[in-house]
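Biologist: Could you take a close look at the salt bridges in this one for me? I'd like to hear how the pairs sit in the fold, and then a word on the sheet if you have time.

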Protein chains: 4
Amino acid sequence: MNIPSSLVPATGRLGVLMPGLGAVATTFVAGVLAARKGLAYPAGSLTQAAHIQTGKGATERSSLIRDFVPLTKLDDLVFGGWDIYPDNLYEAARQANVLERPLLDQLQEELAAIRPMKAVFDRHYVRNLSGEWVKETTNKWEQVQDLMADIEQFSLINHCQRLVMVWCASTERYHEPGPVHMSLAAFEKGLHENDPAIAPSMLYAYAALKMRVPFAMGAPNLCVDIPALEELARLTNTPIGGKDFKTGQTLMKTIIAPGLRARALGVNGWFSTNILGNRDGLVLDAPENFQTKEVSKGRVLEGILDGELSPELWGDIHHKVRIEYYPPHGDNKEGWDNIDIFGWLGYKMQIKVNFLCRDSILAAPVVLDLALFLDLAQRAGMSGIQEWLGFYWKSPQTEPGASPVHDLFQQLNKLENMLRYLMGEERMTTFGLDQYEEETAEVESETHS
Amino acid sequence: MNIPSSLVPATGRLGVLMPGLGAVATTFVAGVLAARKGLAYPAGSLTQAAHIQTGKGATERSSLIRDFVPLTKLDDLVFGGWDIYPDNLYEAARQANVLERPLLDQLQEELAAIRPMKAVFDRHYVRNLSGEWVKETTNKWEQVQDLMADIEQFSLINHCQRLVMVWCASTERYHEPGPVHMSLAAFEKGLHENDPAIAPSMLYAYAALKMRVPFAMGAPNLCVDIPALEELARLTNTPIGGKDFKTGQTLMKTIIAPGLRARALGVNGWFSTNILGNRDGLVLDAPENFQTKEVSKGRVLEGILDGELSPELWGDIHHKVRIEYYPPHGDNKEGWDNIDIFGWLGYKMQIKVNFLCRDSILAAPVVLDLALFLDLAQRAGMSGIQEWLGFYWKSPQTEPGASPVHDLFQQLNKLENMLRYLMGEERMTTFGLDQYEEETAEVESETHS
Amino acid sequence: MNIPSSLVPATGRLGVLMPGLGAVATTFVAGVLAARKGLAYPAGSLTQAAHIQTGKGATERSSLIRDFVPLTKLDDLVFGGWDIYPDNLYEAARQANVLERPLLDQLQEELAAIRPMKAVFDRHYVRNLSGEWVKETTNKWEQVQDLMADIEQFSLINHCQRLVMVWCASTERYHEPGPVHMSLAAFEKGLHENDPAIAPSMLYAYAALKMRVPFAMGAPNLCVDIPALEELARLTNTPIGGKDFKTGQTLMKTIIAPGLRARALGVNGWFSTNILGNRDGLVLDAPENFQTKEVSKGRVLEGILDGELSPELWGDIHHKVRIEYYPPHGDNKEGWDNIDIFGWLGYKMQIKVNFLCRDSILAAPVVLDLALFLDLAQRAGMSGIQEWLGFYWKSPQTEPGASPVHDLFQQLNKLENMLRYLMGEERMTTFGLDQYEEETAEVESETHS
Amino acid sequence: MNIPSSLVPATGRLGVLMPGLGAVATTFVAGVLAARKGLAYPAGSLTQAAHIQTGKGATERSSLIRDFVPLTKLDDLVFGGWDIYPDNLYEAARQANVLERPLLDQLQEELAAIRPMKAVFDRHYVRNLSGEWVKETTNKWEQVQDLMADIEQFSLINHCQRLVMVWCASTERYHEPGPVHMSLAAFEKGLHENDPAIAPSMLYAYAALKMRVPFAMGAPNLCVDIPALEELARLTNTPIGGKDFKTGQTLMKTIIAPGLRARALGVNGWFSTNILGNRDGLVLDAPENFQTKEVSKGRVLEGILDGELSPELWGDIHHKVRIEYYPPHGDNKEGWDNIDIFGWLGYKMQIKVNFLCRDSILAAPVVLDLALFLDLAQRAGMSGIQEWLGFYWKSPQTEPGASPVHDLFQQLNKLENMLRYLMGEERMTTFGLDQYEEETAEVESETHS
């Protein structure tokens, strides 16, 4: 493997720290443990299961991404985190009821050994949950100090060479950025003053960035996308990314909408409803938390179907998104979409998509990929917002002023080209070698000569 | 508009000749007439409604494709064709029951003026239809002469500068290529000897190519994809393309499957059924004709989900396709797909897609685009198989030995890059300017120096 | 036809008065006009299209209901009503966009001749609408006098022998019965004092009942189901019925739930969402109005799947109902249900129902049937709550203390038995003659002798 | 419990013999074992989980059916049968992959103790299976003697007081009744002469009936519905029933169609497709076997929606049924229905039903109920065709000349009335006491006096 001189090798252990050790985190950890024992295949993870195509003509080849770029091996991962319940990861996984018991029982010892650190929790931000495994400190500045001590201690105990932090906890209530979020100085003053506009997730992010630990925001929370924390990330040269893991319905949306655009089909409306019964659904049953999610999910279509460019096709799309807490489904999230499209002469057609998915099964490999890629980014000296990881987010964080790319295929192309670039390969389309390159070369010599 | 010197300008009238003046052809013609009167918008057509992005940085822009490449204007199109029923296009459109009467009535005069020429028909190839508006000649060589005379006469009467032919008729029975199809010499001998292995659609294609009229095969028939007619196309420098318009269910399949691949999700099975009640459905109710369609539709997945590259994900896909003749739906084709996928640790999920589409509404803009792009190809001096038009086909015809591309997004990228190339623009990904180009350029100067 | 001596014959004209001349009312009126001209078939109406079985053995026969009971003929119906917009019924029908223009144009003269009387409107009860075609009086007692004068005048002008009133207007905001609704005396005092708890729909109902005009409540409004108006109905011997026309999703629910019960299948959850874009959807977009609907729709399951009787099967059903305003669909309401059931040993299964229905098309024949059956009831001397018409309601009004029947098949049986009873026929099951009656008679003579 | 004197008490053990010990039979047996250990609830079984309403007014009550009629207790059941594979029931259940392993493991000892007797098998009737655990005899008369000896021996070993036989094996190829099926004499002659028109299932039925063992036909095979075996059933006073367990899609059809009829909605078409991957699906993948199923499923609608009575509503229904073998689903059968209906003025609507069911989970309780009810019938002295059990069949067997009832609610009413009759209770509608009985009684005294 040809590693660029600037890329720090992936030696030693990488600690993956997660605020929130519930369904997603336990499915992720159990899956990594199972995969490294050979008990199950980590489908859904690009770092483990996907190929990348490189080269041209005679040098064209497909490699597994994990053979192409120097990522941390699964064997070198160690796991930890915080939660508002004191259950160890075996108990939490049983409670989450995502993975079947026979598999969990094979991993019981390793899972049970992982116990959550006490969480920073603020009921104001998550009304529908209450937990008691929380830190005693109440001042935000002190809480940050506690979190930094936790990180330090975790790293020492587990002999970690490097760390990453991936938020796997709940959606916080909706709030807009305010003055305290606008600069690092204001933010740190707010910490000391216990400003209520500083959400718990921001405390974790602050603690991580201060310690040069890359941070990823899995929920739609306002967090590392505030100027204060972007500033801190630049200052400490730490990669960040967010927000809101792209899993079920939005994933499908960013697949189908590009297809409609490709074919120049018009869209009148897109109605999406979701029913789910896990803790995530319970949290989102509170309107102020749903709003955070709704905003995150709602912007996806505009970015793909540009109503300003093509008002005849996409100038008037009624896009409505609903999430419903429905206990019978548990973690088995179900999405139902009705898409009203029109074609030739405005004739109407409908597409219905019913996605019987599993929330945590789709999210777990995203946690893994983000952990490994953020670590790669840090080893490559890339800091701040990682736009090339937009593939994984419902609301990709961008540099101020830029528009996020939502089209899944464009996002993949960006991600792959970054990997090619890092390895000194020529960037290319997602599509491999242009098969007509040669034939057109001939045409070229005829027609342009 | 900067036209390459080699590109013959699109002056004068372009005659569009169609074997089969049924639902698809009448919807296409009525739609063009309606669009040029401003009565309706030609959504679904790339040549009329889609934009293309070109340039980089300061020169980046989006243009309508029709403003970017010199295509024949809708006003310059004239229409004709053959059918086994003598109805004029107004009558045929009423019979097809696709477009609503108020619109058709506004176009009645123009539509009624177009009357089909007598068809070459062979019941052996289409068991479930029978028509009487057929040529008296029974020898295939003579039938070809008749067709060439028809073309000649049509062109004269309509003052056509150029012609294209697009097959809009039925699916013929399934047959494999035989010796008579293997060379032009064998084929012409077969014509004289009335070889039963020469299907009616081949007679039309032969007549077209002999007269340097570009030919597109809208059905899944074995036709211009035989060596004999490929040879003829090369000999006469005529563009050809095929086969089987990609419209409803297969269109969705080539949108969703790339999305599953992008996310490294496994696939166990894909069951697709279609119910439709138009003449196409009636023809496909005969098993020998359905087989032709089934073969055409069946190969799509393998090309996108490569089971050899990733046996863990796509090594065992049960792909089943059904088409059911169901009169209550008429032209309103309905597709229903069940996709069995799996993610992290092999956990199963399901996607159901119910597409309430309209067969002819989706096909009509494809006829238009193919007519205009094949004419463009001919004016650009490009002959033979046009792989860059694979976007429009269920079974894209390729050069012998090459594998077809089925991924809709790859197909679009190829098409757009050909247009850019013809206009002297730099080829690019479908994705516009790489937004991180500049930022990585900076990283580059740091990391690679 | 054997008419019981007590049944007043259906001679002369029957005036059908409707508060709310929007989508439902115009579809009803246009349909009756079309049916009596022979332009269209009144499917969906029991009084026009359904058969009833009577007799036993040799005397068994099926008759059209309209041939079996003496109903008012369609030719004898005249139509009128009130609305907050001054459009005549042709304009209102065009605006509602339910029926196609060619049909409406054939009925234009008759429809245009029907103009709404000025409505009693109170924005407090319907926030999302505002109209200007409203009565000048603001005191409720005076408004009632105005309505009674309207009824009187309509009857005179149209030479009506009899009248019925069917509420076809919007859902009012949710409110609970209060002291003013508890007796006729309190209610009449409230009218004089302009009590805000008296909703507009109650004014119409009061006016109707005072004049012995049978009244039916098509929306889920609190209206004739208050003690005050029940008292008035008894006092004036006037039939009443309500509430909330059973049309799309709830109709399906009361079909499928009895099937699950019949087979002793368990139910864990039933999630129902509706998307619709007509004025009804707009009104229900206000939470206070949706609540009225939600309460009406929510009680349906309990009545069919008795969790107290069978706690193992139906003791814990999560039933959730949503209605979403979604303009692209217009009047084409779409219901989507997910039903989580379990069978043998608790194994889980799912039923998804996607109902692409048409709100007004399903409601219009209900208006007709209720008008004709309420008139029949009055002619038969039956007054007060008509439980036998529960078939038509989402929330069937019952005598105080009784539980409503929701099972569609039980409801139909009740309705048919009332018709049989009125005509002096023996009541029977919905199922016609018991085919095994004779055979078991033989068994009986053997086993019981 | 008040047992009629004529009803033989359910003392001692009841042996349930099943030709075919595959998915259905093992799910049935394991379920009974689990239920009697209290490990799981036998939902879906009327004999175990359903209530029946009896009495009127003061004496009205709901009882569990098993408390109302004297049925054999689950504890008194013993199980046996034949199969073409030698696996014991634990192995067969593991292979069938319907029930989860933890449950099966709790029942392993009891299941493993049940081993199939060698089957009578004829590849001609089931092309897609081949097994080696078959009887050595090849003459049909001798095979019948073997089966009778098997039954005798099973009864002795297991100390059975009574026996029933329920066919749980495959669908045989389609064949029409011929001369050999027309009388018992011809049939017995055919047995001796090894007539190829005598199918294996008829051999089992003949053996059963000769020994006065009630017989039920779970597949759509031509079997006890031939005159020869009906004659034998009469001769030996043995109850029989058939055919084809009504489980997934047809069950839904006989629920929804009565609902459409109740509301006088028209039907244009009903398209049903099924995908399933168990052995049943494999067998039906052979067209000659599918035909048997298709005929059985196809007649259901006509019986409910009477096109002769109401040609305007149901005179032209396109009913199409498909079954597709699709291995990824295993026993998890999935039905998809598209129903094209029309309402008021002929306006079209669509209902889509997607039923994610489990074949054997739905069939197992049917096996149990039929076993217990056929035994009840025999103890009550009822012989021959049991029309009151039509509830359980796709193609209910009737007395010659009679039409089968398909409406699930009518079928349930018949079943319940027979139970009431047997227990000396008054027959009633399914609907319990007529709530308006009293109120109408008052009306009656007024109007008819």
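Modeller: Let me settle one term before we start: partly exposed covers a relative accessible area between the two cut-offs, buried being under 20% and exposed over 50%. Keep in mind too that this is a predicted model.

With that in hand, take C:Asp105, which has a relative accessible area of 33% and so is partly exposed. Its side chain meets that of C:Arg101 in a salt bridge, at 3.3 Å from N to O. C:Arg101 comes out at 45%, so partly exposed as well. This is a local affair: the two residues are 4 apart in helix H5 (residues 101–106) of chain C, which puts about one helical turn between them.

Staying in chain C, there is a salt bridge between C:Glu110 and C:Lys37, with 3.0 Å from N to O. Here the pair ties together parts that are 73 residues apart in sequence, because C:Glu110 sits in helix H6 (residues 108–112) of chain C while C:Lys37 belongs to the loop between helix H1 (23–36) and helix H2 (46–49) of that chain. C:Glu110 is partly exposed at 31%, and C:Lys37, at 46%, is partly exposed too.

Over in chain B, B:Asp225 and B:Lys243 form a salt bridge whose closest N and O atoms are 2.6 Å apart. Both partners are in loops: B:Asp225 in the one between strand S7 (215–217) and helix H10 (227–235), B:Lys243 in the one between strand S8 (239–242) and helix H11 (249–262), so parts 18 residues apart in the sequence of chain B are tied together. B:Asp225 is partly exposed at 25% relative accessibility, whereas B:Lys243 counts as buried at 14%.

Chain A offers a network of salt bridges, linking A:Arg162, A:Asp375 and A:Arg379. Over all chains, the structure holds 64 salt bridges.

Now the sheet, as seen in chain D. Seven strands form an open, parallel sheet in the order S5-S4-S1-S6-S7-S8-S13. Its edges are S5 (117–118) and S13 (384–385) of chain D, each pairing on one side only. S13(D) is joined to strand S8 (residues 239–242) of chain D over 2 bridges, in the parallel sense, and D:Pro239 stands opposite D:Gly384 there. Helix H16 (residues 359–379) of chain D packs on this sheet, touching strands S1, S4, S6, S7 and S8 of the chain, and its direction makes about 130° with that of S6(D).

Conventions
Residues numbered from 1 in each chain as written. Chains lettered and ligands numbered in written order. Predicted model: local features only at pLDDT ≥ 70, side-chain atom pairs only at ≥ 80, totals over all residues. Heavy atoms only, no water. Pairing = 2+ DSSP bridges. Contact = heavy atoms within 4.5 Å. Axes fitted to C-alpha atoms, helices over the stretch in contact; angles between N-to-C directions. Salt bridge = Lys/Arg side-chain N within 4 Å of Asp/Glu carboxyl O. Buried < 20%, exposed > 50% of the residue type's maximum accessible area, 1.4 Å probe, protein only.
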